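Good morning, colleagues. Please have the sequence and the model open, as I shall refer to both throughout this short presentation.

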Amino acid sequence: MSGRRPIISPSILASDFARLGEEARAVEAAGADWLHVDVMDGRFVPNITIGPEVVKAIRPHVSIPLDVHLMIAPADPHLEAFRAAGADIISVHPEAGPHLSRTLQRIRALGAKAGVVLNPATAPEAIEWVLDEADLILVMSVNPGFGGQSFMTSQLKKIERLRALIDAAGRDIILEVDGGVTAETARQCVEAGAAALVAGTAVFKGGAAAYADNISALRGAGGLGAKAAE
Ligand code: DX5
Ligand code: ZN
């Protein structure tokens, strides 16, 4: 995977919430591949952000996939609402419980891609027995809850381990990283085997005029001129 151009999924958590539609359009125009939506409930994580109504409001502003990261527990009662609102990828934490396998099956049955998110303290093997039911694995390189935190380099080994697990399984699972991704840490993630990168602060810094440069700086990570991973 190293050397391939990574998928860039800007996290709207770092955007101007008062101008969400405009911000979403601006990052799509600047070259974003996906749009990452951080959903927090004030219980599973300490912060509260947005719900399905806001996802629905963003949907008509962009045509790129909406990459919805659920930091809520339980997640199951809300899956349908997020899918109906326009989520293309729905990712859940195993700790949100109670049955990860069932949750992933439900997400797929709704027609979305199903993702599993691993907290920094969660072992990579947590996904070992649901590999057939997952389309994406998201490695948290910060503790979930807030944007603007520093990248935990301890997670690079986990990315490597997951890359090996995915390759050994021979399944086409997208390996994504979220938290503290900068041009420098993006390069490390891609070298470790990541195919997709979430970035909030590093994309939205400097205002709309800087978004295209910010995104290409992150993408430069995978080698210029390479084609985006599907
Ligand atoms: C943290 C969120 C991240 C966050 C990333 O709980 O899942 O998606 O917005 O923000 P940065 O890129 O600023 O670390
Ligand atoms: Zn996220």
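Histidine 36 and aspartate 38 are both buried. The model we are looking at is a predicted one, and these two residues are a suitable place to begin, since each of them takes part in binding a metal.

Which residues coordinate the zinc ion, ligand 2? His36 contributes NE2, His69 contributes ND1, and Asp38 and Asp178 each bind through OD, with distances of 2.0 to 2.3 Å. Along the sequence, the spacing of these donor residues reads H-x1-D-x30-H-x108-D.

Now to the geometry. Why is the arrangement around the zinc ion (ligand 2) described as octahedral? There are six donor atoms, and the angles they subtend run from 68 to 167°, which makes the arrangement octahedral. The criterion asks that opposite donors be over 155 degrees apart and that all other angles lie between 65 and 115. For reference, the ideal angles for six octahedral donors are 90 or 180 degrees.

Let me turn to the strand that carries the two residues I started with. Strand β2 covers residues 35-40, and six of its six residues are buried, so β2 is largely enclosed by the rest of the structure. Burial here means a relative accessible area under 20%. What covers the two faces can be read residue by residue: Leu35, Val37 and Val39 are buried on one side, and His36, Asp38 and Met40 are buried on the other.

How does β2 pair with strand β3, residues 66-71: in the parallel or the antiparallel sense? The two strands are parallel, and six bridges join them. Within this pairing, methionine 40 is placed opposite methionine 71 of β3.

Both strands also take part in the largest pocket. β2, β3, β8 (196-199) and α7 (201-204) each provide at least two of its lining residues. The volume of this pocket is about 320 Å³. Its lining comprises 27 residues, and those nearest the centre are Gly147, Gly148, Gly179, Gly180 and Gly200. By class, the lining consists of 12 nonpolar, 12 polar and three charged residues.

Finally, the enclosed space. How many cavities of 30 Å³ or more does a search of the whole structure find? The search returns one. The largest cavity has a volume of about 40 Å³, and its lining is formed by Ala75, Asp76, Val92, His93, Ala96, Gly97, His99, Leu100 and Thr103. Four of the lining residues are nonpolar, four are polar and one is charged.

Key:
Residues numbered from 1 in each chain as written. Chains lettered and ligands numbered in written order. Predicted model: local features only at pLDDT ≥ 70, side-chain atom pairs only at ≥ 80, totals over all residues. Heavy atoms only, no water. 1 Å grid on protein atoms, 1.4 Å probe; cavity = no way out; pocket = protein on both sides within 12 Å on 5 of 7 lines; lining within 4 Å. Points joined across faces, edges and corners; volume = space filled by probe spheres on them. Nonpolar A, V, L, I, M, F, W, Y, C, P; charged D, E, K, R; others polar. Donors = N, O, S within 2.8 Å, 3.2 Å for Na, K, Ca; no water. Tetrahedral: all angles 85-135°; square planar, octahedral: opposite > 155°, others 65-115°. Buried < 20%, exposed > 50% of the residue type's maximum accessible area, 1.4 Å probe, protein only. Helix = DSSP H or I, 4+ residues; strand = E, 2+ residues; numbered from the N terminus. Pairing = 2+ DSSP bridges.
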